[in-house]
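Here is a quick walk through one protein model, written for someone who would rather look at side chains than read tables. Keep the viewer open as you go.

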Amino acid sequence: MKYKILISLFVTAMLAMTFNGKQGLPEGFVYVKSVIPDIEVELRYYGTNNFVGDTIDGYKANKLILTKEAAEKLKLVQDELQKQNLCLKVYDGYRPQRAVNHFIRWARELKDTINKAQFYPDVEKRNLFKEEYIASRSGHSRGSTVDLTIIDGNTGEPLDMGSAYDFFGQQSWVNYEGITEAQKKNRQLLQTVMLKHNFRNYPKEWWHFTLRWEPFPKTYFDFPVE
């Protein structure tokens, strides 16, 4: 009987260690769903619907991770949008450095252009670094940068922003003029509500925002998304 009890305690301890290992995050980081339970999350780099066309290194689950400060500010954005029956949908948050390294390796394989027509039809792959669509370091790895859009609260459909997420081209620039007035209005709504809550935008990507006064401005993390 004592032997069985010891085995039971050992198994329980191992399960607890496994659970804690999967759930543990560095101090200062949170799973965003714990702060904003109703936020929509579709991490594009966890699947294959992205410019590489494959799951990216370091993405082991569709779980949005951000710094605590960024998540709390993002909740204020969500709360404000919900007054208009709108919600946030997030495509990327914290991004491990190993994922950025994956992008770098992919960019150097010039013959691998499986998703060029969808994501970068007018940009030569060899120019992705030069035109600043890919970099060796990403603000996402500091934990307070987020890629997102606004969706209709009833249908879940994204508002029309005039270009798709992660589209490499001028159509994605915030102030691009070649889109409709309705698309401009949708972009402006996103810009306004994010800026109100201290997220600054990257002008070449309407979806890309970084928290002002982020807590880890010089630290690039590499723990996996799981």
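## A buried serine

Ser144 counts as buried because its relative accessibility is 0%, where the cut-off for buried is under 20%. Keep in mind that this is a predicted model. You'll find Ser144 in the loop between α4 and β5. What does the side chain of Ser144 make a polar contact with? The partner is the side chain of Thr67, at 2.8 Å.

## The overall layout

Stepping back, the protein has 5 helices and 7 strands. Going along the sequence, the order is α-β-β-β-α-β-α-α-β-α-β-β. The protein has 226 residues, and 44% of them are buried.

## Rings around Phe168

Aromatic side chains are a good thing to look at next. A pair of rings is described by how far apart the centres are and by the angle of the planes. The structure holds 19 such aromatic pairs. One of them is Phe51 with Phe168, a tilted pair with 5.0 Å from centre to centre and 55 degrees between the planes. This pair ties together distant parts of the chain, with the two positions 117 residues apart: Phe51 is in the loop between β2 (40-41) and β3 (65-67), while Phe168 is in the loop between β5 (145-152) and α5 (181-196). Phe51 counts as buried because its relative accessibility is 2%, and Phe168 counts as buried because its own value is 2%.

Phe168 has another ring partner, Tyr133, and here the pair is stacked: 5.1 Å centre to centre, with 20 degrees between the planes. Again the pair links distant parts of the chain, as Tyr133 sits in the loop between α4 (116-119) and β5, and Phe168 in the loop between β5 and α5. In sequence, Tyr133 and Phe168 are 35 residues apart, yet in space their C-alpha atoms are 6.7 Å apart. Is Tyr133 buried or exposed? Tyr133 is buried, and so is Phe168.

Which residues form one aromatic cluster with Phe168? They are Tyr45, Phe51, Tyr59, Phe103, Trp106, Tyr120 and Tyr133.

## Charges over rings

Trp106, one of the residues in that cluster, also has a charge over its ring. The charged end of Lys125 sits there, 3.8 Å from the ring centre.

Another example involves an arginine. Arg137 lies over the face of Tyr220, and the distance to the ring centre is 4.6 Å.

## The largest pocket

Now for the empty space. Rolling a probe the size of a water molecule over the atoms shows where space is left. The largest pocket holds about 480 Å³. It is lined by 25 residues, and the closest to its centre are Arg95, Tyr133, Ser138, Glu205 and His208. Tyr133 is worth a second look here, as it also stacks with Phe168.

Several elements give two or more residues to this lining: α3 (97-108), β5, β6 (199-202) and β7 (205-211). Which element gives the largest share of the lining? That is β7, with 4 residues. Sorted by class, the lining of the largest pocket has 10 nonpolar, 7 polar and 8 charged residues.

Key:
Residues are numbered from 1 along each chain as its sequence is written. This is a predicted model: local features need pLDDT of at least 70, side-chain atom pairs count only at pLDDT 80 or more; totals for chains, interfaces and linings use all residues. Side-chain values use heavy atoms; hydrogens and water are left out. Rings of Phe, Tyr and Trp (its six-membered ring) pair if their centres lie within 6.5 Å; planes under 30 degrees apart count as stacked, over 60 as edge-to-face and the rest as tilted. Buried means under 20% relative accessible area, exposed over 50%, partly exposed in between (1.4 Å probe, protein chains only). A charge sits over a ring if NZ of Lys or CZ of Arg is within 6 Å of the ring centre and within 35 degrees of the ring normal. On a 1 Å grid over the protein atoms alone, a cavity is a set of points where a 1.4 Å probe fits but cannot get out, and a pocket is an open set with protein on both sides within 12 Å along at least five of seven lines; lining residues have an atom within 4 Å of a point. Grid points are joined across faces, edges and corners, and a volume is the space filled by probe spheres set on the points. Ala, Val, Leu, Ile, Met, Phe, Trp, Tyr, Cys and Pro count as nonpolar, Asp, Glu, Lys and Arg as charged, and the others, Gly among them, as polar. A polar contact is a pair of N or O atoms within 3.5 Å; within protein, one must be able to donate a hydrogen and the other to accept it, and residues adjacent in sequence count only if both atoms are side-chain atoms.
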